[in-house]
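Student: I have a new model open and I don't know where to begin. Can you walk me through it?

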Amino acid sequence: MSDADPGQSREDPATPAADAEYTAGDVREGIPFIGAGPGDPGLLTVTGKRLVEDADLVVHAGSLVNSELLEEFCADAEQVSSIGKDLEELIPLLTEAYEAGRTVVRLHSGDPAVYGAAIEQMDALESEGVPTYFVPGVTSAFAASATLRTQLTLNEVANHVVFTRPQGKTLSEDEDHIGDFVGHGDVTVCIYLGTHAVAETMDRLLDEGHDPDTPVAVVYHASWPDEDVLRGTIGTIGEKVEAAGYRASAMVIIGEAATGAGYERSYLYDGWANRGADGQEAETDD
Ligand SMILES: C[S@@+](CC[C@H](N)C(=O)[O-])C[C@H]1O[C@@H](n2cnc3c(N)ncnc32)[C@H](O)[C@@H]1O
């Protein structure tokens with residue numbers, strides 16, 4: 001049970017309502033859905049760490065949550081992997097523990113709001129009378145861009161970013177928009193859940209007539225000790241990923257941002273930012 005803030009309990013009227021707006025660092029009633037970050041335990045947020053340390057039961061996303069994080073921050077808690085468990089199993093597990101007065105947290109990889117299927121669990125819990133809330137985390141696209149020492153937005157050459165996934169069991173051919181995004185030319189395309197399908201995805205892009213020299217980077221296990229980077233182009237990256245044998249746990253980044261090159265100097269460091277009207281600060285890029 002939590003010993004971080006003994007003054008606050010579920011019965012304590014000072015405990016903020018579950019539907020209150022998110023405030024960093026506050027103690028809330030209910031089960032937090034926490035972003036564990038991309039792997040490195042140091043990339044868990046301060047609030048996430050505090051909640052995980054205080055937990056009696058941690059239900060986590062299996063191999064995508066680094067076991068080092070679990071060992072370092074919640075070795076004494078009961079730890080349950082959600083892999084292979086459906087909602088019919090997960091919801092009673094979480095509800096019963098919560099109603100028994102245990103401190104329960106749900107740990108998702110990266111940020112729970114990105115390809116996390118968190119909301120369906122949260123809605124099911126709320127319908128059982130268990131309040132829930134989000135604690136954001138560092139999504140793997142951000143860890144990958146840090147690894148590549150680049151920005152996902154680059155002045156003039158990468159004006160937009162999309163988080164997407166390729167067609168497969170979940171997404172039909174018609175719902176796969178990777179070709180459209182690449183076709184814009186100034187969009188950084190971050191592909192989740194597509195490691196096993198890099199070669200097929202690139203082949204489709206080539207068939208659609210996209211420039212084979214468009215840069216692509218694949219970051220396997222960003223921020224983990226065995227992190228690996230493969231660099232190439234739409235024309236070459238498929239073979240490199242096949243040769244490396246990666247079938248999961250990689251971020252695929254297509255576009256000029258993959259190289260971090262070719263950008264124009266921004267207004268921010270070009271004197272423009274200091275020329276706001278009437279002494280008001282102009283909106284800047286930092
Ligand atoms: C089910 S999704 C979860 C994404 C997660 N919620 C996030 O915000 O990163 C899993 C996919 O995220 C990507 N991913 C997760 N962790 C990663 C990491 N450390 N490095 C690279 N890609 C990662 C991979 O594309 C993987 O297939």
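Tutor: Sure. Keep in mind that this is a predicted model. Let's begin with the ligand.

Student: Which residues come nearest to the ligand?

Tutor: Look for Pro-38, Gly-110, Thr-139, Ser-140 and Ala-222, which come nearest out of the 26 residues around the ligand. Two elements give two or more residues to that shell: helix H5 (140-147) and strand S10 (250-254). H5 gives the most, with 3 residues.

Student: How do the residues of the shell divide into nonpolar, polar and charged?

Tutor: You'll find 14 nonpolar, 11 polar and 1 charged in the shell around the ligand.

Student: Where does the ligand's shell lie relative to domain 1 and domain 2?

Tutor: Check which domains give residues to the shell. Here domain 1 (31-138) and domain 2 (141-258) both do, so it lies between them.

Student: Now the backbone. What is the phi of Glu-156?

Tutor: Glu-156 has a positive phi of about 75°, although it is not a glycine. You'll find Glu-156 in the loop between H5 and strand S6 (160-164).

Student: Is Glu-156 buried or exposed?

Tutor: Count the neighbours: 12 or fewer other C-beta atoms within 10 Å means exposed, and 20 or more means buried. Glu-156 has 12, so it is exposed.

Student: And what about the phi of His-221?

Tutor: His-221 isn't a glycine either, and its phi is positive, about 50°. His-221 sits in the loop between strand S8 (215-220) and strand S9 (228-233). With 22 other C-beta atoms within 10 Å, His-221 is buried.

Note on methods:
Residues are numbered from 1 along each chain as its sequence is written. This is a predicted model: local features need pLDDT of at least 70, side-chain atom pairs count only at pLDDT 80 or more; totals for chains, interfaces and linings use all residues. A residue is near a molecule or strand if its C-beta atom, placed from the backbone, lies within 6 Å of it. Helices (H or I, at least four residues) and strands (E, at least two) are DSSP runs, numbered from the N terminus. Ala, Val, Leu, Ile, Met, Phe, Trp, Tyr, Cys and Pro count as nonpolar, Asp, Glu, Lys and Arg as charged, and the others, Gly among them, as polar. Domain bounds come from an automatic or database domain assignment.
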